[in-house]
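Me: I'm trying to get my head around the charged pairs in this protein. Could you take a close look at the salt bridges and walk me through them?

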Amino acid sequence: MHDEDHRLSSSTIVAPLRNGVFRSIWTASQISSLGWLVQTVAISWLMATISASDLMVALVQAASTLPVCLLSIPAGAIADNFSRRRTMFAGHCLVAIASTTLMISVGAGFVSPWLILGLGFLAGCGFALNDPAWHASVGDLLPKRDIPAAVTLMSVGYNVVRSVGPAFGGVILAFFGPLAALGLAALCDLTPLGAIWRTKWNARASPLPREKMSTAVRDGLRFTVISLEIRAAIARATLFGVASISILALLPLVVRDQLNSGPIVYGILLAGYGTGAFIAGMSNDVLRRIMSQNKLVAVACVACAVCCLSLALTDSVTVAAFSLALGGAGSLITWTGIDVSVQLASPRWVVGRTLSIYYALSAGGMAAGSWVWGTVAQNYSLTSAMEGATGALLLVAAAGIPFPVRPWEEAGQESSDFHPPELALDLKPRSGPIVVEIKYSVSKENTEAFLGCMRASRHVRSRAGARNWTLQRNLQTPSVWTETFRTPTWMDFIRLNHRLTAADKDVVKRPEALHDGELPPQTVLSIERTTDPTRTWPIESP
(Lines give C-alpha, C1' and ligand atoms only; values in the text may rest on other atoms or scores of the structure.)
Protein backbone atom coordinates (compact mmCIF):
# COMPACT_ATOMS: atom_id res chain seq x y z
CA MET A 1 0.00 0.00 0.00
CA HIS A 2 1.17 3.50 -0.74
CA ASP A 3 2.36 5.62 2.17
CA GLU A 4 -0.14 8.30 1.13
CA ASP A 5 -2.94 5.76 1.31
CA HIS A 6 -1.84 4.83 4.83
CA ARG A 7 -1.61 8.47 5.91
CA LEU A 8 -5.15 9.17 4.74
CA SER A 9 -6.42 6.14 6.63
CA SER A 10 -4.76 7.27 9.85
CA SER A 11 -7.70 9.56 10.69
CA THR A 12 -9.99 7.74 13.12
CA ILE A 13 -13.53 7.09 11.99
CA VAL A 14 -14.98 9.39 14.68
CA ALA A 15 -12.66 12.34 13.92
CA PRO A 16 -15.17 14.11 11.63
CA LEU A 17 -17.72 14.18 14.46
CA ARG A 18 -15.60 16.80 16.24
CA ASN A 19 -16.86 19.26 13.64
CA GLY A 20 -20.18 20.63 14.94
CA VAL A 21 -21.78 21.29 11.54
CA PHE A 22 -20.85 17.87 10.18
CA ARG A 23 -22.07 16.21 13.38
CA SER A 24 -25.43 18.01 13.27
CA ILE A 25 -26.20 17.19 9.64
CA TRP A 26 -24.81 13.66 9.91
CA THR A 27 -27.04 12.95 12.93
CA ALA A 28 -30.11 14.39 11.18
CA SER A 29 -29.29 12.28 8.14
CA GLN A 30 -29.35 9.12 10.25
CA ILE A 31 -32.80 10.02 11.59
CA SER A 32 -33.97 10.69 8.04
CA SER A 33 -32.47 7.36 6.95
CA LEU A 34 -34.40 5.60 9.70
CA GLY A 35 -37.62 7.08 8.35
CA TRP A 36 -36.69 6.20 4.79
CA LEU A 37 -35.92 2.58 5.69
CA VAL A 38 -39.19 2.23 7.60
CA GLN A 39 -40.98 3.68 4.59
CA THR A 40 -39.13 1.36 2.20
CA VAL A 41 -40.20 -1.68 4.21
CA ALA A 42 -43.78 -0.42 4.22
CA ILE A 43 -44.07 0.38 0.52
CA SER A 44 -42.17 -2.76 -0.59
CA TRP A 45 -44.50 -4.98 1.41
CA LEU A 46 -47.51 -2.90 0.43
CA MET A 47 -46.58 -3.33 -3.23
CA ALA A 48 -46.14 -7.09 -2.75
CA THR A 49 -49.66 -7.30 -1.27
CA ILE A 50 -51.56 -5.10 -3.74
CA SER A 51 -49.77 -6.25 -6.92
CA ALA A 52 -49.33 -9.76 -8.25
CA SER A 53 -46.50 -8.66 -10.55
CA ASP A 54 -42.95 -9.57 -9.50
CA LEU A 55 -41.70 -6.80 -11.78
CA MET A 56 -43.72 -4.13 -9.94
CA VAL A 57 -42.21 -5.27 -6.63
CA ALA A 58 -38.68 -5.02 -8.04
CA LEU A 59 -39.46 -1.59 -9.52
CA VAL A 60 -39.92 -0.12 -6.03
CA GLN A 61 -36.11 0.02 -5.85
CA ALA A 62 -35.86 1.34 -9.40
CA ALA A 63 -38.33 4.17 -8.78
CA SER A 64 -36.14 5.79 -6.12
CA THR A 65 -32.84 5.21 -7.91
CA LEU A 66 -33.82 6.21 -11.46
CA PRO A 67 -34.03 9.96 -10.62
CA VAL A 68 -30.45 9.82 -9.38
CA CYS A 69 -29.49 8.56 -12.83
CA LEU A 70 -31.48 11.26 -14.61
CA LEU A 71 -30.89 14.29 -12.38
CA SER A 72 -27.57 13.82 -10.58
CA ILE A 73 -25.40 15.38 -13.27
CA PRO A 74 -27.27 18.72 -13.39
CA ALA A 75 -27.54 18.50 -9.58
CA GLY A 76 -23.76 18.24 -9.41
CA ALA A 77 -23.41 21.36 -11.56
CA ILE A 78 -25.83 23.12 -9.21
CA ALA A 79 -23.74 22.00 -6.22
CA ASP A 80 -20.57 23.45 -7.78
CA ASN A 81 -22.16 26.76 -8.84
CA PHE A 82 -24.70 27.55 -6.12
CA SER A 83 -24.93 27.31 -2.35
CA ARG A 84 -24.56 23.66 -1.40
CA ARG A 85 -26.46 24.29 1.82
CA ARG A 86 -29.50 25.63 -0.03
CA THR A 87 -29.30 22.81 -2.56
CA MET A 88 -29.41 20.26 0.26
CA PHE A 89 -32.39 22.03 1.83
CA ALA A 90 -34.32 21.97 -1.46
CA GLY A 91 -33.58 18.27 -1.92
CA HIS A 92 -34.86 17.33 1.53
CA CYS A 93 -37.99 19.42 0.91
CA LEU A 94 -38.86 17.14 -2.03
CA VAL A 95 -38.29 14.04 0.11
CA ALA A 96 -40.53 15.42 2.87
CA ILE A 97 -43.28 16.32 0.38
CA ALA A 98 -43.20 12.81 -1.13
CA SER A 99 -43.35 11.09 2.28
CA THR A 100 -46.17 13.30 3.56
CA THR A 101 -48.23 12.84 0.39
CA LEU A 102 -47.83 9.07 0.54
CA MET A 103 -48.93 9.02 4.19
CA ILE A 104 -52.03 11.09 3.39
CA SER A 105 -52.89 8.93 0.37
CA VAL A 106 -52.71 5.70 2.36
CA GLY A 107 -54.73 7.28 5.19
CA ALA A 108 -57.41 8.32 2.69
CA GLY A 109 -57.51 4.80 1.22
CA PHE A 110 -56.26 5.97 -2.16
CA VAL A 111 -53.23 3.85 -2.97
CA SER A 112 -52.13 2.11 -6.16
CA PRO A 113 -48.91 0.59 -7.50
CA TRP A 114 -48.31 3.56 -9.79
CA LEU A 115 -48.88 6.08 -7.01
CA ILE A 116 -46.30 4.28 -4.89
CA LEU A 117 -43.80 4.32 -7.75
CA GLY A 118 -44.54 7.96 -8.60
CA LEU A 119 -43.98 9.24 -5.06
CA GLY A 120 -40.90 7.05 -4.77
CA PHE A 121 -39.64 8.76 -7.92
CA LEU A 122 -40.28 12.20 -6.37
CA ALA A 123 -38.34 11.24 -3.23
CA GLY A 124 -35.56 9.99 -5.49
CA CYS A 125 -35.46 13.42 -7.12
CA GLY A 126 -34.89 14.93 -3.68
CA PHE A 127 -32.04 12.55 -2.95
CA ALA A 128 -30.56 13.24 -6.39
CA LEU A 129 -30.46 16.96 -5.56
CA ASN A 130 -29.18 16.51 -2.01
CA ASP A 131 -26.50 13.83 -2.27
CA PRO A 132 -23.92 15.54 -4.55
CA ALA A 133 -24.15 18.73 -2.51
CA TRP A 134 -23.84 16.89 0.82
CA HIS A 135 -20.90 14.74 -0.23
CA ALA A 136 -19.15 17.69 -1.89
CA SER A 137 -19.67 19.70 1.31
CA VAL A 138 -17.57 17.18 3.23
CA GLY A 139 -14.48 18.73 1.67
CA ASP A 140 -15.73 22.20 2.66
CA LEU A 141 -16.32 21.21 6.28
CA LEU A 142 -13.34 18.95 6.99
CA PRO A 143 -9.59 18.76 6.27
CA LYS A 144 -8.60 16.38 3.50
CA ARG A 145 -7.12 13.84 5.93
CA ASP A 146 -10.60 13.35 7.43
CA ILE A 147 -12.45 12.82 4.12
CA PRO A 148 -12.01 9.00 4.00
CA ALA A 149 -13.17 8.75 7.63
CA ALA A 150 -16.14 11.01 6.90
CA VAL A 151 -17.25 9.00 3.86
CA THR A 152 -16.87 5.76 5.81
CA LEU A 153 -18.74 7.27 8.75
CA MET A 154 -21.60 8.31 6.48
CA SER A 155 -21.85 4.76 5.13
CA VAL A 156 -21.46 3.17 8.55
CA GLY A 157 -24.05 5.50 10.07
CA TYR A 158 -26.55 4.61 7.40
CA ASN A 159 -25.89 0.92 7.90
CA VAL A 160 -26.18 1.17 11.68
CA VAL A 161 -29.64 2.57 11.04
CA ARG A 162 -30.17 -0.14 8.42
CA SER A 163 -29.47 -2.79 11.05
CA VAL A 164 -32.30 -1.40 13.21
CA GLY A 165 -34.63 0.45 10.84
CA PRO A 166 -35.95 -2.43 8.72
CA ALA A 167 -36.70 -4.62 11.74
CA PHE A 168 -38.30 -1.63 13.46
CA GLY A 169 -40.28 -0.96 10.29
CA GLY A 170 -41.35 -4.58 10.10
CA VAL A 171 -42.64 -4.49 13.68
CA ILE A 172 -44.55 -1.25 13.08
CA LEU A 173 -45.95 -2.61 9.83
CA ALA A 174 -47.03 -5.90 11.43
CA PHE A 175 -48.66 -4.45 14.57
CA PHE A 176 -49.78 -0.95 13.58
CA GLY A 177 -50.14 -1.10 9.80
CA PRO A 178 -48.61 0.84 6.88
CA LEU A 179 -50.17 4.20 7.86
CA ALA A 180 -48.22 4.32 11.16
CA ALA A 181 -44.99 3.38 9.38
CA LEU A 182 -45.49 6.08 6.75
CA GLY A 183 -46.39 8.65 9.42
CA LEU A 184 -43.13 7.96 11.27
CA ALA A 185 -41.21 8.27 8.01
CA ALA A 186 -42.78 11.63 7.26
CA LEU A 187 -41.76 12.97 10.69
CA CYS A 188 -38.21 11.69 10.33
CA ASP A 189 -37.83 13.34 6.92
CA LEU A 190 -38.41 16.76 8.52
CA THR A 191 -35.30 16.45 10.74
CA PRO A 192 -32.65 17.30 8.10
CA LEU A 193 -34.59 20.44 7.19
CA GLY A 194 -34.20 21.71 10.73
CA ALA A 195 -30.52 20.78 10.92
CA ILE A 196 -29.65 22.49 7.64
CA TRP A 197 -31.69 25.56 8.58
CA ARG A 198 -29.81 25.94 11.89
CA THR A 199 -26.27 25.36 10.61
CA LYS A 200 -24.18 27.41 8.21
CA TRP A 201 -20.81 26.92 6.62
CA ASN A 202 -18.76 28.72 4.03
CA ALA A 203 -17.19 27.13 1.00
CA ARG A 204 -14.33 28.94 -0.69
CA ALA A 205 -16.05 31.29 -3.13
CA SER A 206 -14.77 31.43 -6.68
CA PRO A 207 -13.69 34.91 -7.80
CA LEU A 208 -15.06 34.10 -11.26
CA PRO A 209 -18.63 34.57 -12.53
CA ARG A 210 -21.00 31.63 -12.21
CA GLU A 211 -20.90 29.24 -15.16
CA LYS A 212 -23.88 28.52 -17.36
CA MET A 213 -25.49 25.22 -16.45
CA SER A 214 -24.82 23.75 -19.90
CA THR A 215 -21.16 24.78 -19.71
CA ALA A 216 -20.80 23.50 -16.15
CA VAL A 217 -22.28 20.11 -17.09
CA ARG A 218 -20.10 19.85 -20.19
CA ASP A 219 -16.92 20.73 -18.28
CA GLY A 220 -17.76 18.20 -15.58
CA LEU A 221 -18.32 15.47 -18.14
CA ARG A 222 -15.09 16.43 -19.93
CA PHE A 223 -13.04 16.29 -16.73
CA THR A 224 -14.53 12.91 -15.78
CA VAL A 225 -13.94 11.33 -19.20
CA ILE A 226 -10.33 12.50 -19.34
CA SER A 227 -9.48 11.45 -15.74
CA LEU A 228 -8.45 7.80 -15.96
CA GLU A 229 -8.81 6.98 -12.26
CA ILE A 230 -12.28 8.53 -12.01
CA ARG A 231 -13.40 6.88 -15.23
CA ALA A 232 -12.29 3.44 -14.04
CA ALA A 233 -13.94 3.89 -10.63
CA ILE A 234 -17.26 4.92 -12.17
CA ALA A 235 -17.22 2.03 -14.65
CA ARG A 236 -16.67 -0.39 -11.80
CA ALA A 237 -19.43 1.23 -9.74
CA THR A 238 -21.92 1.03 -12.60
CA LEU A 239 -21.27 -2.68 -13.16
CA PHE A 240 -21.50 -3.35 -9.43
CA GLY A 241 -24.79 -1.45 -9.24
CA VAL A 242 -26.32 -3.59 -11.99
CA ALA A 243 -25.32 -6.83 -10.30
CA SER A 244 -25.60 -6.07 -6.57
CA ILE A 245 -29.06 -4.45 -6.56
CA SER A 246 -30.50 -7.93 -7.10
CA ILE A 247 -30.00 -8.63 -3.38
CA LEU A 248 -32.32 -5.86 -2.20
CA ALA A 249 -34.65 -5.74 -5.22
CA LEU A 250 -35.55 -9.43 -5.01
CA LEU A 251 -35.43 -9.85 -1.23
CA PRO A 252 -39.22 -9.32 -0.75
CA LEU A 253 -39.80 -12.17 -3.20
CA VAL A 254 -37.27 -14.38 -1.40
CA VAL A 255 -39.09 -13.78 1.88
CA ARG A 256 -42.53 -14.32 0.37
CA ASP A 257 -41.86 -17.28 -1.94
CA GLN A 258 -38.83 -19.17 -0.61
CA LEU A 259 -39.00 -18.50 3.12
CA ASN A 260 -42.81 -18.33 3.26
CA SER A 261 -42.60 -15.49 5.78
CA GLY A 262 -43.92 -11.99 6.34
CA PRO A 263 -42.81 -8.42 7.03
CA ILE A 264 -41.11 -9.14 10.37
CA VAL A 265 -38.73 -11.64 8.76
CA TYR A 266 -38.21 -9.20 5.89
CA GLY A 267 -37.17 -6.52 8.39
CA ILE A 268 -34.90 -8.94 10.27
CA LEU A 269 -33.11 -9.92 7.07
CA LEU A 270 -32.57 -6.29 6.11
CA ALA A 271 -31.20 -5.75 9.62
CA GLY A 272 -28.73 -8.57 8.97
CA TYR A 273 -27.65 -6.80 5.79
CA GLY A 274 -27.12 -3.57 7.74
CA THR A 275 -25.27 -5.32 10.55
CA GLY A 276 -22.79 -6.81 8.11
CA ALA A 277 -22.22 -3.41 6.56
CA PHE A 278 -21.66 -1.87 10.02
CA ILE A 279 -19.06 -4.48 10.96
CA ALA A 280 -17.28 -4.00 7.64
CA GLY A 281 -17.26 -0.23 8.08
CA MET A 282 -15.69 -0.46 11.53
CA SER A 283 -13.08 -2.91 10.16
CA ASN A 284 -12.39 -1.03 6.94
CA ASP A 285 -9.08 0.50 8.05
CA VAL A 286 -7.74 -2.87 9.19
CA LEU A 287 -8.80 -4.54 5.94
CA ARG A 288 -7.10 -1.87 3.82
CA ARG A 289 -3.83 -2.48 5.67
CA ILE A 290 -4.03 -6.16 4.76
CA MET A 291 -4.66 -5.79 1.03
CA SER A 292 -4.76 -3.13 -1.68
CA GLN A 293 -7.95 -1.20 -2.30
CA ASN A 294 -8.46 -2.89 -5.69
CA LYS A 295 -8.12 -6.40 -4.23
CA LEU A 296 -10.38 -5.46 -1.34
CA VAL A 297 -13.14 -4.36 -3.73
CA ALA A 298 -12.74 -7.61 -5.71
CA VAL A 299 -13.09 -9.69 -2.53
CA ALA A 300 -16.13 -7.62 -1.54
CA CYS A 301 -17.76 -8.39 -4.91
CA VAL A 302 -17.15 -12.11 -4.35
CA ALA A 303 -18.79 -11.79 -0.90
CA CYS A 304 -21.88 -10.30 -2.55
CA ALA A 305 -21.87 -13.16 -5.07
CA VAL A 306 -21.82 -15.70 -2.23
CA CYS A 307 -24.77 -13.86 -0.67
CA CYS A 308 -26.77 -14.07 -3.91
CA LEU A 309 -26.06 -17.76 -4.40
CA SER A 310 -27.00 -18.58 -0.81
CA LEU A 311 -30.31 -16.72 -1.11
CA ALA A 312 -31.05 -18.63 -4.31
CA LEU A 313 -30.56 -22.03 -2.67
CA THR A 314 -31.71 -21.70 0.96
CA ASP A 315 -35.09 -21.91 2.65
CA SER A 316 -33.65 -21.15 6.10
CA VAL A 317 -34.12 -17.70 7.66
CA THR A 318 -30.90 -18.13 9.66
CA VAL A 319 -28.80 -18.95 6.59
CA ALA A 320 -30.40 -16.06 4.71
CA ALA A 321 -29.61 -13.64 7.57
CA PHE A 322 -25.93 -14.63 7.66
CA SER A 323 -25.75 -14.45 3.86
CA LEU A 324 -27.19 -10.96 3.88
CA ALA A 325 -24.67 -9.88 6.53
CA LEU A 326 -21.93 -10.99 4.13
CA GLY A 327 -23.61 -9.16 1.27
CA GLY A 328 -23.97 -5.99 3.35
CA ALA A 329 -20.28 -6.08 4.24
CA GLY A 330 -19.27 -6.50 0.61
CA SER A 331 -21.58 -3.73 -0.51
CA LEU A 332 -20.28 -1.18 2.01
CA ILE A 333 -16.62 -1.92 1.26
CA THR A 334 -17.19 -1.56 -2.46
CA TRP A 335 -19.24 1.65 -2.37
CA THR A 336 -17.03 3.33 0.23
CA GLY A 337 -13.83 2.51 -1.63
CA ILE A 338 -15.14 3.85 -4.93
CA ASP A 339 -16.73 6.94 -3.36
CA VAL A 340 -13.53 8.03 -1.63
CA SER A 341 -11.45 7.31 -4.75
CA VAL A 342 -13.65 9.63 -6.83
CA GLN A 343 -13.73 12.35 -4.16
CA LEU A 344 -9.98 12.44 -3.54
CA ALA A 345 -9.17 12.40 -7.26
CA SER A 346 -11.37 15.46 -7.90
CA PRO A 347 -10.31 19.11 -7.44
CA ARG A 348 -12.75 21.25 -5.45
CA TRP A 349 -13.99 23.14 -8.52
CA VAL A 350 -15.45 19.98 -10.05
CA VAL A 351 -15.98 17.56 -7.14
CA GLY A 352 -19.76 18.05 -7.09
CA ARG A 353 -19.95 17.15 -10.77
CA THR A 354 -17.66 14.11 -10.65
CA LEU A 355 -19.56 12.75 -7.66
CA SER A 356 -22.88 13.41 -9.39
CA ILE A 357 -21.73 11.56 -12.52
CA TYR A 358 -20.64 8.68 -10.30
CA TYR A 359 -24.02 8.67 -8.56
CA ALA A 360 -25.91 8.98 -11.85
CA LEU A 361 -24.23 6.04 -13.55
CA SER A 362 -24.17 3.80 -10.47
CA ALA A 363 -27.83 4.58 -9.78
CA GLY A 364 -28.61 3.98 -13.44
CA GLY A 365 -26.92 0.62 -13.08
CA MET A 366 -29.05 -0.17 -10.03
CA ALA A 367 -32.25 0.93 -11.79
CA ALA A 368 -31.38 -1.19 -14.82
CA GLY A 369 -30.43 -4.10 -12.59
CA SER A 370 -33.74 -3.91 -10.73
CA TRP A 371 -35.60 -4.15 -14.03
CA VAL A 372 -33.36 -6.93 -15.41
CA TRP A 373 -33.51 -9.19 -12.37
CA GLY A 374 -37.22 -8.52 -11.84
CA THR A 375 -37.89 -9.47 -15.47
CA VAL A 376 -35.81 -12.66 -15.16
CA ALA A 377 -37.66 -13.60 -11.95
CA GLN A 378 -41.05 -13.02 -13.58
CA ASN A 379 -40.35 -14.76 -16.88
CA TYR A 380 -38.16 -17.61 -15.59
CA SER A 381 -37.80 -18.07 -11.83
CA LEU A 382 -36.53 -16.33 -8.73
CA THR A 383 -33.72 -18.87 -8.45
CA SER A 384 -32.60 -18.16 -12.01
CA ALA A 385 -32.49 -14.43 -11.31
CA MET A 386 -30.38 -14.87 -8.16
CA GLU A 387 -28.01 -17.29 -9.89
CA GLY A 388 -27.64 -14.90 -12.82
CA ALA A 389 -26.81 -12.07 -10.43
CA THR A 390 -24.18 -14.32 -8.79
CA GLY A 391 -22.42 -14.77 -12.11
CA ALA A 392 -22.62 -11.05 -12.83
CA LEU A 393 -21.01 -10.20 -9.47
CA LEU A 394 -18.14 -12.57 -10.16
CA LEU A 395 -17.60 -10.80 -13.48
CA VAL A 396 -17.55 -7.46 -11.66
CA ALA A 397 -14.84 -8.84 -9.35
CA ALA A 398 -12.81 -9.78 -12.44
CA ALA A 399 -13.37 -6.29 -13.86
CA GLY A 400 -10.75 -5.10 -11.38
CA ILE A 401 -8.14 -6.04 -13.98
CA PRO A 402 -9.24 -3.60 -16.74
CA PHE A 403 -10.87 -1.11 -14.31
CA PRO A 404 -8.74 -1.04 -11.14
CA VAL A 405 -9.79 1.07 -8.17
CA ARG A 406 -6.73 3.11 -7.29
CA PRO A 407 -5.39 3.52 -3.75
CA TRP A 408 -6.70 6.45 -1.77
CA GLU A 409 -4.20 9.04 -2.89
CA GLU A 410 -4.68 12.68 -2.04
CA ALA A 411 -4.85 14.98 -5.04
CA GLY A 412 -4.17 18.69 -4.74
CA GLN A 413 -7.80 19.74 -4.59
CA GLU A 414 -7.61 23.49 -4.19
CA SER A 415 -7.56 25.65 -7.30
CA SER A 416 -4.75 28.16 -7.46
CA ASP A 417 -4.98 31.91 -7.89
CA PHE A 418 -4.40 33.25 -11.38
CA HIS A 419 -3.76 36.82 -12.45
CA PRO A 420 -4.48 37.40 -16.15
CA PRO A 421 -1.65 38.99 -18.16
CA GLU A 422 -1.91 42.57 -19.32
CA LEU A 423 -3.35 42.92 -22.83
CA ALA A 424 -3.23 45.60 -25.48
CA LEU A 425 -6.91 45.00 -26.25
CA ASP A 426 -9.77 45.46 -23.81
CA LEU A 427 -11.39 42.02 -24.05
CA LYS A 428 -14.87 41.28 -22.77
CA PRO A 429 -15.55 38.00 -20.95
CA ARG A 430 -17.33 36.68 -24.08
CA SER A 431 -14.51 37.64 -26.46
CA GLY A 432 -12.99 34.70 -28.29
CA PRO A 433 -11.99 32.18 -29.38
CA ILE A 434 -8.65 32.58 -27.61
CA VAL A 435 -5.56 30.84 -29.02
CA VAL A 436 -2.59 30.08 -26.76
CA GLU A 437 0.82 29.26 -28.27
CA ILE A 438 3.86 28.30 -26.19
CA LYS A 439 7.17 27.95 -28.02
CA TYR A 440 9.97 25.70 -26.77
CA SER A 441 13.50 25.04 -27.99
CA VAL A 442 14.40 21.39 -27.34
CA SER A 443 17.61 19.58 -28.21
CA LYS A 444 17.47 16.29 -30.10
CA GLU A 445 18.60 14.19 -27.11
CA ASN A 446 15.73 15.59 -24.98
CA THR A 447 13.01 15.01 -27.59
CA GLU A 448 11.55 11.81 -26.10
CA ALA A 449 11.48 13.24 -22.59
CA PHE A 450 9.85 16.40 -23.94
CA LEU A 451 7.13 14.41 -25.70
CA GLY A 452 6.39 12.60 -22.45
CA CYS A 453 6.01 15.93 -20.65
CA MET A 454 3.74 17.17 -23.42
CA ARG A 455 1.47 14.15 -23.08
CA ALA A 456 1.03 14.95 -19.38
CA SER A 457 0.53 18.65 -20.15
CA ARG A 458 -2.15 17.86 -22.71
CA HIS A 459 -3.96 15.68 -20.16
CA VAL A 460 -3.91 18.39 -17.48
CA ARG A 461 -4.87 21.30 -19.72
CA SER A 462 -7.63 19.33 -21.46
CA ARG A 463 -9.19 18.32 -18.12
CA ALA A 464 -9.29 21.98 -17.12
CA GLY A 465 -10.99 23.07 -20.36
CA ALA A 466 -8.43 23.43 -23.16
CA ARG A 467 -9.75 22.62 -26.66
CA ASN A 468 -8.02 21.54 -29.86
CA TRP A 469 -4.68 20.90 -28.16
CA THR A 470 -1.87 20.31 -30.67
CA LEU A 471 1.92 20.08 -30.69
CA GLN A 472 3.81 21.24 -33.79
CA ARG A 473 7.46 20.87 -34.77
CA ASN A 474 9.10 23.48 -36.98
CA LEU A 475 10.18 21.88 -40.25
CA GLN A 476 12.90 24.45 -40.90
CA THR A 477 14.18 24.62 -37.32
CA PRO A 478 13.42 21.15 -35.85
CA SER A 479 14.46 22.17 -32.34
CA VAL A 480 11.49 24.58 -32.16
CA TRP A 481 8.24 23.10 -30.85
CA THR A 482 4.91 24.90 -30.40
CA GLU A 483 2.21 23.83 -27.96
CA THR A 484 -1.17 25.22 -29.04
CA PHE A 485 -4.65 25.08 -27.55
CA ARG A 486 -7.85 27.12 -27.61
CA THR A 487 -10.61 28.24 -25.31
CA PRO A 488 -14.02 29.43 -26.54
CA THR A 489 -13.85 32.78 -24.72
CA TRP A 490 -11.50 34.97 -22.68
CA MET A 491 -13.41 34.02 -19.51
CA ASP A 492 -12.87 30.34 -20.36
CA PHE A 493 -9.12 31.03 -20.59
CA ILE A 494 -9.14 32.66 -17.15
CA ARG A 495 -11.28 29.84 -15.76
CA LEU A 496 -8.91 27.21 -17.19
CA ASN A 497 -5.89 28.73 -15.44
CA HIS A 498 -7.81 29.28 -12.23
CA ARG A 499 -8.75 25.58 -12.14
CA LEU A 500 -5.16 24.34 -12.26
CA THR A 501 -4.07 23.01 -8.89
CA ALA A 502 -0.51 23.24 -7.62
CA ALA A 503 0.13 19.70 -8.88
CA ASP A 504 -1.31 20.60 -12.29
CA LYS A 505 0.93 23.65 -12.53
CA ASP A 506 3.92 21.49 -11.75
CA VAL A 507 3.00 19.23 -14.66
CA VAL A 508 2.57 22.02 -17.21
CA LYS A 509 5.88 23.60 -16.13
CA ARG A 510 7.94 20.41 -16.52
CA PRO A 511 8.66 21.01 -20.22
CA GLU A 512 10.42 24.24 -19.25
CA ALA A 513 13.20 22.17 -17.66
CA LEU A 514 13.95 20.73 -21.12
CA HIS A 515 13.89 24.13 -22.84
CA ASP A 516 17.43 25.11 -23.83
CA GLY A 517 16.83 28.62 -25.13
CA GLU A 518 18.48 31.65 -23.57
CA LEU A 519 15.07 33.07 -22.65
CA PRO A 520 12.13 31.20 -21.05
CA PRO A 521 9.52 29.64 -23.38
CA GLN A 522 7.49 32.34 -25.11
CA THR A 523 3.73 32.39 -24.62
CA VAL A 524 1.62 34.15 -27.24
CA LEU A 525 -2.07 34.92 -26.68
CA SER A 526 -4.23 35.62 -29.73
CA ILE A 527 -7.89 36.05 -30.53
CA GLU A 528 -9.30 34.54 -33.69
CA ARG A 529 -10.92 37.01 -36.07
CA THR A 530 -13.08 36.59 -39.13
CA THR A 531 -13.13 38.63 -42.31
CA ASP A 532 -16.92 38.45 -42.35
CA PRO A 533 -18.05 42.13 -42.18
CA THR A 534 -21.39 41.17 -40.57
CA ARG A 535 -19.71 39.67 -37.49
CA THR A 536 -19.69 41.93 -34.42
CA TRP A 537 -16.86 41.28 -32.02
CA PRO A 538 -17.18 42.14 -28.32
CA ILE A 539 -13.79 43.87 -28.12
CA GLU A 540 -12.58 47.42 -28.09
CA SER A 541 -9.65 48.81 -30.02
CA PRO A 542 -6.74 50.08 -27.99
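Reply: One bit of vocabulary to start: a residue is buried if its relative accessible area is under 20%, exposed if it is over 50%, and partly exposed in between. Keep in mind that this is a predicted model.

With that in hand, take Asp426. Its relative accessible area is 39%, so it counts as partly exposed. Its side chain forms a salt bridge with that of Lys428, at 3.9 Å from N to O. Lys428 is partly exposed too, with 32% relative accessibility.

Now for a pair that sits elsewhere. The side chains of Arg353 and Asp80 also form a salt bridge, 2.8 Å from N to O. Arg353 belongs to helix H16 (residues 351-379) and Asp80 to helix H3 (residues 54-81), so this contact ties together parts that are 273 residues apart in sequence. Arg353 is buried, at 2% relative accessibility, and Asp80 is buried as well, at 18%. These two have company: Asp80, Arg84, Asp140 and Arg353 are linked in a network of salt bridges.

Another one to find is Arg467 with Asp219, whose side chains meet in a salt bridge at 4.0 Å, N to O. This pair links distant parts of the chain, with Arg467 in strand E3 (residues 467-473) and Asp219 in helix H9 (residues 213-226), 248 residues apart. Asp219 has a relative accessible area of 5%, so it is buried.

And how many salt bridges are there overall? The count comes to eleven, and the ones above are among them.

Methods. Residues numbered from 1 in each chain as written. Predicted model: local features only at pLDDT ≥ 70, side-chain atom pairs only at ≥ 80, totals over all residues. Heavy atoms only, no water. Helix = DSSP H or I, 4+ residues; strand = E, 2+ residues; numbered from the N terminus. Buried < 20%, exposed > 50% of the residue type's maximum accessible area, 1.4 Å probe, protein only.
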